[in-house]
Amino acid sequence: MRIGELAARAGTTTRTLRYYESRGLLPARRGGNGYRTYDEDDLKLLRQIRTLQDFGFDLEETRPFVECLRAGHPEGDSCPASLVVYRRKLGELDTLIEQLTSVRAQVAAQLKRAEAAAPGGPEPKCELGGHG
């Protein structure tokens, strides 16, 4: 298939595909007529990249998965380098979860304090600057 068809089937743009090609993530095969040519394996590779990016992986983090697919592994994530990236990403996610949990606790404490100060008192006036 040609680049436009691959882009349409992968739900992306030809510009994105050219960028992936320039980064070495997508093969740069050309037919006898000079047009880029792609196959179903390339579509699978693009779907793997998109899925990983949807999970928060940056483009460079997808490289081991692409290489694993190219090496013939059907899912692209069973190679040692892919497993390393998975483990690192899980560590990053665990850290983010801890940070968000801490922020949530702080916001909940602020809300509790604000609610305790509010009962029985007059509604505060909230004005944003002078009248004009």
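Throughout this tour, a residue counts as buried under 20% relative accessible area, as exposed over 50%, and as partly exposed in between. The structure on screen is a predicted model, and Glu92, a convenient residue on which to try the scale, counts as partly exposed because its relative accessibility is 34%.

**The whole chain.** Begin with a cartoon view, where the secondary structure comes to five helices and zero strands, in the order α-α-α-α-α along the sequence. The radius of gyration is 25 Å, well over the 14 Å that the globule rule gives for 132 residues, so the protein is more spread out than a compact globule. Turn the C-alpha trace along its principal axes and it spans about 80 × 45 × 20 Å. Of the 132 residues, 27% count as buried, and with a surface switched on the protein exposes about 9,300 Å², of which carbon and sulfur atoms supply 56%.

**The nonpolar core.** Next select Leu6, Leu17, Tyr20, Leu26, Leu46 and Ile49, which are the residues with the most contacts inside the largest nonpolar core, a set of 16 residues. Two or more residues of this core come from each of helix H1 (3-10), helix H2 (14-22), helix H3 (40-54) and helix H4 (63-70). Centre the view on Tyr20 and, leaving aside neighbours within four places in sequence, look for its contacts with Leu25, Leu26, Leu46, Ile49, Gln53 and Leu59.

**Helix H4 and its cover.** Now colour H4, which is mostly covered, with six of its eight residues buried; these are Arg63, Pro64, Phe65, Val66, Cys68 and Leu69. The cover over the buried residues of H4 includes H3 and H5. One contact point to inspect is Ser82, which is in helix H5 and counts as buried because its relative accessibility is 0%. Apart from residues up to four places away in sequence, Ser82 touches Pro64, Phe65, Cys68, Gly76 and Asp77. Following H4 along the chain brings you to Gly72, whose phi is positive, near 105°.

**Salt bridges.** Show charged side chains next; the whole structure holds eight salt bridges. Arg63 and Glu60 meet in one of them at 2.6 Å, N to O, and a network of salt bridges links Arg23, Glu60 and Arg63. Arg63 counts as buried at 19% relative accessibility, whereas Glu60 counts as partly exposed at 36%.

Then move to Lys89, whose side chain meets that of Glu61 in a salt bridge of 3.3 Å, N to O. Lys89 lies in helix H5 and Glu61 in the loop between H3 and H4, so this pair ties together parts that are 28 residues apart in sequence. Both Lys89 and Glu61 are buried, with Lys89 at 8% relative accessibility. The side chain of Lys89 also meets that of Glu92, at 3.1 Å, N to O, and these two residues both lie in helix H5, three residues apart, about one turn of the helix.

**Further along H5.** Where does Gly91 lie? Gly91 lies in helix H5 and is partly exposed, with a relative accessible area of 33%; a distance drawn between the C-alpha atoms of Gly91 and Arg70, 21 residues apart along the chain, reads 27 Å. Finish by selecting Leu90, Leu93, Leu96 and Ile97, which form a nonpolar patch on the surface with about 370 Å² of accessible area together. Ile97, found in helix H5 (residues 80-117), counts as exposed at 52% relative accessibility.

Methods: Residues numbered from 1 in each chain as written. Predicted model: local features only at pLDDT ≥ 70, side-chain atom pairs only at ≥ 80, totals over all residues. Heavy atoms only, no water. Core = buried A, V, L, I, M, F, W, Y, C linked by side-chain atoms within 4.5 Å. Buried < 20%, exposed > 50% of the residue type's maximum accessible area, 1.4 Å probe, protein only. Helix = DSSP H or I, 4+ residues; strand = E, 2+ residues; numbered from the N terminus. Contact = heavy atoms within 4.5 Å. Patch = residues over 30% accessible without salt bridge, like charges linked within 9 Å, V, L, I, M, F, W, Y side chains within 5 Å. Areas by Shrake-Rupley, 256 points an atom, 1.4 Å probe, with all protein chains shown as cover. Salt bridge = Lys/Arg side-chain N within 4 Å of Asp/Glu carboxyl O. Rg over C-alpha atoms; globule rule 2.2 N^0.38 Å.
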